[in-house]
Amino acid sequence: MSTAGAETVTTMRDGHQRVAAALPYTHVAGHLIGGEETASDGGRTPVIDPATGETWGSVPVADAADVDRAVEAARSAFGEWAARRPTERGELLRTMADALETRADVLSLTNTLENGSPVAETAGAAANAAAILRVFASLAGHLEQGDVRAFPDGRHETVVAQDPIGVCALIAPWNFPINLVVIKLAPALIAGCTVVIKPAGPTPLSVRFLLDAAADAGIPAGVINIITGDGPTGDLLVRHPGVDKVAFTGSTPVGRRIAAACGELLRPVTLELGGKSTAIVLPDADLDAMSRTLIRSSMRNTGQTCYISTRLVTTPDRYDELVDMVTATVGAAPVGDPLDPETVFGPVATFAQRDRVLGYIRSGIAEGARATVGGDVPAPIPGGAFVAPTVFADVTPDMTIARDEIFGPVITLLRAADVDAAVDIANDTAFGLGGIVFGGDEDAAFRIARRMDTGSAGINMFASNHYAPFGGRHDSGLGVEYGLEGLSAYLTPQSVHRRVR
């Protein structure tokens, strides 16, 4: 893989500077609390373009006083918002979805400059977020259905009501900074909750377009509040006495700390954490067809997607053929400027993440894996957080790269003695988030998928269905998002017993 020259780097840097100069949000003064931008005394943090290493924005860091103000604003707005009928809230969510889609281009560019996700990925962020808002708006009728349950002896009955759980802290990661907020925000809003959002440190600006769309839709001030900051800000928010529920997407180590805090506080929490998912390639799999879905299912967003199947496992009779296909497919995918619509692999989101991924690549080589493309080579584009997309063959299940979540453009290929052994390898992990079975007989593939110890699995593809639950097992998290099951996480039931009417 070649390295870009100085002219390419200069052209990319100039282009990014022009784009940043035209964006509405770069160096913002305060947090968004109660419908206003509020000043902060907590210091500031830069927003860095991972493609160029240049600072193009900055945001305030919320201190304890800022967190207090945000939670108080959400608490003040809660009563009036919760009192509205779910169908009325649903109409506002639909209007918000429409308003968000009008901001698709500027949101995409802001997102790409924040975390380096190629515009081929971020261009769909607004539409996907709008779809999530509409799906949860469609569930409003479910909240308005009566639920009366007879006692076993038939003499009494119980009216079961579902109340909004209250003020929710929504803490989002940097890999998909819009959609992984909206899968929390949409169910919270339709349930009648109010929220304080804390985006990840590297991606604090694109989330502002959500609040703009909410304001255009007529969602009252204080229902949605945004504070920015780093880990200590998140800790303050999680532990704030005015917060009734926490929803977090991010790493397993941080998730454990949040779970411990919420356990101590007896505070409901939803955790969507890491993954190390497996694609089992059956002997009758169509590798030509698989090559067309490989990048999205195993290396989406430059490998920074929690559910992608970064471990490919197959039987000896297909192994060499699979290595050739994966090597050719990854080697042919364009690496470059994330603002170029043709780019498949951009930089990883931060320089710290680049160093972490490079460390895993070096560990794979040291432990005996064979890089068929990429490896410990110079960055494809100097100056940014680029990592050469890497395919490792001859990987064994005990290698570090086969067990840890790398969260970068690295894919591993493992050999299994037979299909049963492939299932054993797939399930021999601390995680349980996603997975795929590639096979020509889809009924047989389905049966294999049902043997995988994971929250979701796909047959010859993987995608999220906004109507179906998505969540992880084991070290991949607690609870689910999407669907009625995801909505229930923002509700608390009340049973009122009475004589039969």
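1. Let's start with the largest pocket. In this predicted model, the largest pocket holds about 880 Å³ of space. Its lining takes in 36 residues, and the ones nearest the centre are Trp174, Phe248, Gly250, Ser251 and Val254. If you have the structure open, those five are a handy way to find the spot.

2. Where does the largest pocket sit relative to the two domains? Domain 1 (10-273 + 477-494) and domain 2 (278-465) both contribute lining residues, so the pocket lies between them.

3. Which elements build the wall of the largest pocket? Four of them supply at least two lining residues each: helix H10 (231-239), strand E10 (245-249), helix H11 (252-265) and helix H15 (351-366). H11 is the top contributor, with 5 residues.

4. On chemistry, the lining of the largest pocket is a mix. Sorted by class, there are 16 nonpolar, 12 polar and 8 charged residues in the lining.

5. Now for the sheet. This is an open sheet of 7 strands with mixed pairing, and the order reads E14-E15-E16-E13-E12-E17-E18. The edge positions go to strand E14 (370-373) and E18; each has a single partner strand, so one side of each has no neighbour in the sheet.

6. Strand E12 (residues 277-281) is worth a look, as it has E17 on one side and E13 on the other in the strand order. E12 runs parallel to E17, with 4 bridges joining the two, and Ala279 sits opposite Ile436 of E17. E12 also pairs with strand E13 (residues 309-314) in the parallel sense, over 5 bridges. There, Val281 stands opposite Thr314 in E13. As background, strands of a sheet pair through backbone hydrogen bonds, either parallel or antiparallel.

7. Are the residues of strand E17 (residues 435-438) buried or exposed, and which way do they point? All are buried: Gly435 and Val437 point one way, while Ile436 and Phe438 point the other way.

8. Last, the step from E17 to E18. E17 and strand E18 (residues 458-459) run parallel and are joined by 2 bridges. Ile436 turns up again here, with Gly458 as its bridge partner in E18. To get from E17 to E18 the chain passes through helix H18 (residues 442-450), and this β-α-β crossover is right-handed. So Ile436 is one to click on: it stands opposite Ala279 of E12, and Gly458 is its bridge partner in E18.

Definitions and conventions. Residues numbered from 1 in each chain as written. Predicted model: local features only at pLDDT ≥ 70, side-chain atom pairs only at ≥ 80, totals over all residues. Heavy atoms only, no water. 1 Å grid on protein atoms, 1.4 Å probe; cavity = no way out; pocket = protein on both sides within 12 Å on 5 of 7 lines; lining within 4 Å. Points joined across faces, edges and corners; volume = space filled by probe spheres on them. Nonpolar A, V, L, I, M, F, W, Y, C, P; charged D, E, K, R; others polar. Domains from an automatic or database assignment. Buried < 20%, exposed > 50% of the residue type's maximum accessible area, 1.4 Å probe, protein only. Pairing = 2+ DSSP bridges. Right-handed = clockwise from strand over helix to strand, strands pointing away.
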